[in-house]
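Reader: I'm new to this one and would love a close look at just one part of it. Could you take me through it slowly and then show me what lies around it?

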Amino acid sequence: MAPVGSKRGVLERMDAGEVVIGDGGFVFALEKRGYVKAGPWTPEAAAEHPEAGETRQTLHNSGLRSACKDYSQRLTEMFADRAQGQQINEAACDLAREVASEGDALVAGGVSQTPSYLSCKSEDEVKKILKKQLDVFIKKNVDFLIAEYFEHVEEAEWAVQVLKATGKPVAATLCIGPEGDMHGVTPGECAVRLVKAGADIVGVNCHFDPMTCVKTVAMMKAGVEKAGLKAHYMTQPLAYHTPDCSCQGFIDLPEFPFALEPRILTRWEMQHYAREAYKAGIRYIGGCCGFEPYHIRAVAEELATERGILPEASQKHGVWGSGLEMHTKPWVRAR
């Protein structure tokens, strides 16, 4: 993100070629801490235990924290007709704004896939649900909107159309890999359709590991450019290795979701991911499920030169492990 004090919008930053770092690992992180139930993955903690989200954000300690996106992106139709859903979203937006105001972070409000799409595939019904979720984000005046975690590009198009009507910047991410969406629509064609629907930023999130996601977004970028269109690109992958995943990604793994730890990427692998994403022309670079603060710090450290700033958390983390030079054991210092 931009230096503290500028407080420009996401498109202004990306138009200037700046790198925006986003952290979408909150729900998984809070589940591990006992604040979220695996399965529904609805972040009641935003309303029930706001200190949990605040603690999670403070851990980034970068002065450029990404703002609680997953708090406001995980609600779906199951909460659409309950007062609790509005309460959670309002609390999430308030918490996100409070944390974002400490630095130069932006607040995003997001919508994701609805059960209605598969049950009835009614465009009117799906859009009605999405609009209901959107009301809170407009009331709280979020900085930009994300249509996130869509497996079918058609539903994502509908979501983009709903979000675009607000006049706010719109990002759209599909949870797909190189094979495309669940109907076999290629990443390139998916991206073209999303851009034509009105998305300013397109990319992928969740379901696959970082390098798979970079490959997928590169395919999206190629498709958009071939069609003579323009867009910005983003990627928020898993923090897990997924070389053996099918088209539906890590949700089909036998380890999902409680035994994924052996697949976690190291901080060095995250730095490699950040560099490869940047080389691919992606400028919104972040993470989704499994990402912890040290992963985000690794991304920020790798791109410190390009961003013109090193995160505050790096004060306690020497670049490339240089702090080990102070270790009491000579064989550790030698590393």
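At 1.5 Å a residue, what should the 17 residues of helix 10 (residues 210-226) span, and how far apart are its end C-alpha atoms?

Author: Before the answer, a quick word on the ground rules. This is a predicted model, where local features need pLDDT of at least 70 and side-chain atom pairs count only at pLDDT 80 or more, while totals for chains, interfaces and linings use all residues. Residues are numbered from 1 along each chain as its sequence is written, and side-chain values use heavy atoms, with hydrogens and water left out.

Now, helix 10. At 1.5 Å a residue, it should span 24 Å, and its end C-alpha atoms are 24 Å apart, so the two agree. That expected span is 1.5 Å times one less than the number of residues. Helices here are DSSP runs (H or I, at least four residues), strands are E runs of at least two, and both are numbered from the N terminus.

Let's begin at the front end. A side-chain oxygen of Asp209 comes to within 3.3 Å of the backbone nitrogen of Met211 at the start of helix 10. That's a polar contact, meaning a pair of N or O atoms within 3.5 Å; within protein, one must be able to donate a hydrogen and the other to accept it, and residues adjacent in sequence count only if both atoms are side-chain atoms. Asp209 is also touched by Pro243, which touches Arg263 too, if you skip residues up to four places away in sequence. Pro243 sits in the loop between strand 6 (232-236) and helix 11 (267-279), and at 70% relative accessibility it counts as exposed. At the other end, helix 10 is followed by Gly228, with a positive phi near 75°.

What about the buried side? Buried means under 20% relative accessible area, exposed over 50%, and partly exposed in between (1.4 Å probe, protein chains only). In helix 10 the buried residues include Pro210, Cys213, Val217, Met220 and Val224. The cover over its buried residues includes helix 9, strand 5 (201-205), strand 6 and helix 11; contact here means heavy atoms within 4.5 Å.

Some of that cover belongs to a sheet. It's an open sheet of 7 strands in the order 1-7-6-5-4-3-2, with parallel pairing; strands pair if DSSP finds at least two bridges between them. Strand 1 and strand 2 are at the edges with a single partner strand each, so one side of each has no neighbour in the sheet. From one strand to the next, the twist averages 20°. Helix 11 lies across strand 6 and strand 7, at about 150° to strand 7, with axes fitted as lines to C-alpha atoms (for helices, over the stretch in contact) and angles from 0 to 180 degrees between N-to-C directions.

Out at one edge, 4 bridges join strand 1 to strand 7 (residues 284-287). Ile21 stands opposite Ile285 there, and Asp23 opposite Gly287.

Ile285 also turns up in the largest nonpolar core: of its 73 residues, Ile285 is one of those touching the most other members, along with Val160, Leu174, Leu194, Phe250 and Tyr273. Helix 8 gives the largest share of this core, 7 residues. Such a core is a set of buried Ala, Val, Leu, Ile, Met, Phe, Trp, Tyr and Cys residues joined through side-chain atoms within 4.5 Å. Helix 8 (residues 153-164) has 9 of its 12 residues buried, so it is largely enclosed by the rest of the structure.
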